[in-house]
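Me: Please take a close look at a single strand in this predicted model. I would like to know what it pairs with, what surrounds it and how far the prediction can be read.

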Amino acid sequence: MTNISRQRTDDIPLDDHSSIVYCKDFLSPDHAAELLSFCLNELPWIQSTIKMFGKPVTIPRLNAWFGSEPYSYSGTRFTALPLPKPLEALKLSVEKIANESFNSVLANKYRDGHDCMGWHSDDERSLGEKPQIASVSLGADRRFLLRKKNDHADKRELLLAHGSLLLMCGECQTQWQHSLPRMRRVQDSRINLTFRFSTPKPGSLTNISRRVKQN
Ligand SMILES: O=C(O)CCC(=O)C(=O)O
Ligand SMILES: [Mn+2]
C-alpha cells in the first residue's frame, strides 16, 4: 500500500530495522531560496554517461560530487571537489539533526520533471554497513518512492518539498530501494544534496574523523 506523508516532522518506520525521518521545514524560506539559487548557478554540474548492459547511457540529471575521495558509480568516476562554503554551513546543520558526521555530498540537479533517478540503494561498500543518508531538497516538489527489496508491493511515497530534510536510517539501504520518478508536468528544477560518510580506501592519506558525533 502507498502512504503519502504530509506531516511536518515525521518519523516513519519502514520495518523493524529501517526508518525514515522527514523534516518538512528544515530550512527557513530565505535560506532555502538562497541555497537553491547558489546551487543552480554556482555548482560545477556535469552530465555523466554510465554503462548499462555494456552500453553507454547518458543519465537523466546532472551531478556534482564534493568530499575528500573520488566517487565511482556504474563505471563513472567523479573527482572529489572541496565543499563550497554555503554547503559546509548546511552540512553542520544536517549533522546536528542526524547526530552523525558526513564527509561527502552528492549533488543532483533535476532540470525539470523529465529528469529522474531509477530504483537503487546507496549501498556502495565505501559507505559502510548501515549508512545513514541525509538528503536536502530544494526547488520543485518531487515524488520520492521506497520499496522493499524482497517485496516490491511494500511501498512508501513522500512528496519531498523545497527546504526539507529526509534521513534514511537503519537498514534502509540494505532492505529497501528508493527512486525519484519522472513527473512530466513539472517545469521547475530541483536540487538534491545527499550527505554521506564515505570511508577512504586503504592507503589514502585522508584523515577519518569519528563517524558518530559525541555531543
Ligand atoms: O533526488 C533524490 O531525492 C534522491 C537522490 C538519491 O537517491 C541519490 O543521490 O542517491
Ligand atoms: Mn540514493
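**Strand 16 and its surroundings**

Reply: A good place to begin is one pair of residues: Phe-195 in strand 16 has Ala-134 standing opposite. The model is a predicted one, and the description below works outward from that pair.

Ala-134 and Phe-195 belong to a pairing of strand 11, residues 133–139, with strand 16. The two strands run antiparallel and are joined by six bridges. Another pair in strands 11 and 16 is Val-136, whose bridge partner in strand 16 is Leu-193. Strand 16 also pairs with strand 9: seven bridges join them, and again the direction is antiparallel. One residue pair here is Tyr-110 with Arg-190, the latter in strand 16. Strand 16 spans 190–196 and strand 9 spans 104–110.

How enclosed is strand 16? Six of its seven residues are buried, so the rest of the structure largely encloses the strand. The cut-off behind this is 20 or more other C-beta atoms within 10 Å of the residue's own. Strand 11 is mostly covered, with seven of its seven residues buried. Over the protein chain, which has 215 residues, 30% count as buried.

Strand 11 has a further partner in strand 14, residues 164–170. Five bridges join strands 11 and 14, which run antiparallel. Ser-137 stands opposite Ser-164 of strand 14 in this pairing. Strand 11 is therefore bridged to strand 16 and to strand 14, by the bridge criterion of at least two per pair.

Ala-134 leads from the pairing into the nonpolar core. Leaving out residues up to four places away in sequence, Ala-134 touches Val-94, Ala-98, Phe-102, Leu-165, Leu-167 and Phe-195. The largest nonpolar core has 40 residues, of which Val-94, Ala-107, Ala-134 and Leu-167 touch the most other members. Strand 14 supplies the largest share of this core, five residues.

Strand 16 also takes part in the surroundings of ligand 1. The residues around ligand 1 are Leu-106, Asn-108, Met-117, Asp-122, Ser-135, Phe-144, Leu-160, His-178, Leu-180, Asn-192 and Thr-194. Strand 9, strand 15 (176–180) and strand 16 are the elements that give two or more residues to this shell. By class, the shell divides into five nonpolar residues, five polar and one charged. In a regular strand, side chains alternate between the two faces of the sheet.

At the scale of the protein chain, there are 16 strands and three helices. Among contacts with a separation of 6 or more, 73% are between residues 24 or more positions apart.

Some loop residues elsewhere offer a contrast in setting. Phe-53 lies in the loop between strand 4 (49–52) and strand 5 (55–58). The phi of Phe-53 is near 50°, a positive value in a residue other than glycine. Phe-53 has 5 other C-beta atoms within 10 Å, so this residue is exposed. Asn-99 is in the loop between helix 2 (85–98) and strand 9. The phi of Asn-99 is near 55°, likewise positive in a residue other than glycine. With 12 C-beta neighbours inside 10 Å, Asn-99 counts as exposed.

Lys-149 sits in the loop between strand 12 (142–148) and strand 13 (151–160). Lys-149 counts as partly exposed because there are 14 C-beta neighbours inside 10 Å. Not counting residues up to four places away in sequence, Lys-149 touches Gln-175, Trp-176 and Gln-177. The C-alpha atoms of Lys-149 and Thr-174 are separated by 8.2 Å, although the two residues are 25 apart along the chain.

As to how far the prediction can be read, the protein chain averages a pLDDT of 89, and 87% of the residues score at least 70. The pLDDT is below 50 over residues 1–8, a stretch with 13 contacts in the model beyond near neighbours in sequence. Residues 205–215 also have a pLDDT below 50, and that stretch has 15 contacts in the model beyond near neighbours in sequence. Where pLDDT is low, the predicted coordinates should not be read in detail.

Key: Residues numbered from 1 in each chain as written. Chains lettered and ligands numbered in written order. Predicted model: local features only at pLDDT ≥ 70, side-chain atom pairs only at ≥ 80, totals over all residues. Near = placed C-beta within 6 Å. Helix = DSSP H or I, 4+ residues; strand = E, 2+ residues; numbered from the N terminus. Nonpolar A, V, L, I, M, F, W, Y, C, P; charged D, E, K, R; others polar. Contact = placed C-beta atoms within 7 Å. pLDDT = per-residue confidence, 0-100. Core = buried A, V, L, I, M, F, W, Y, C linked by C-beta atoms within 7 Å.
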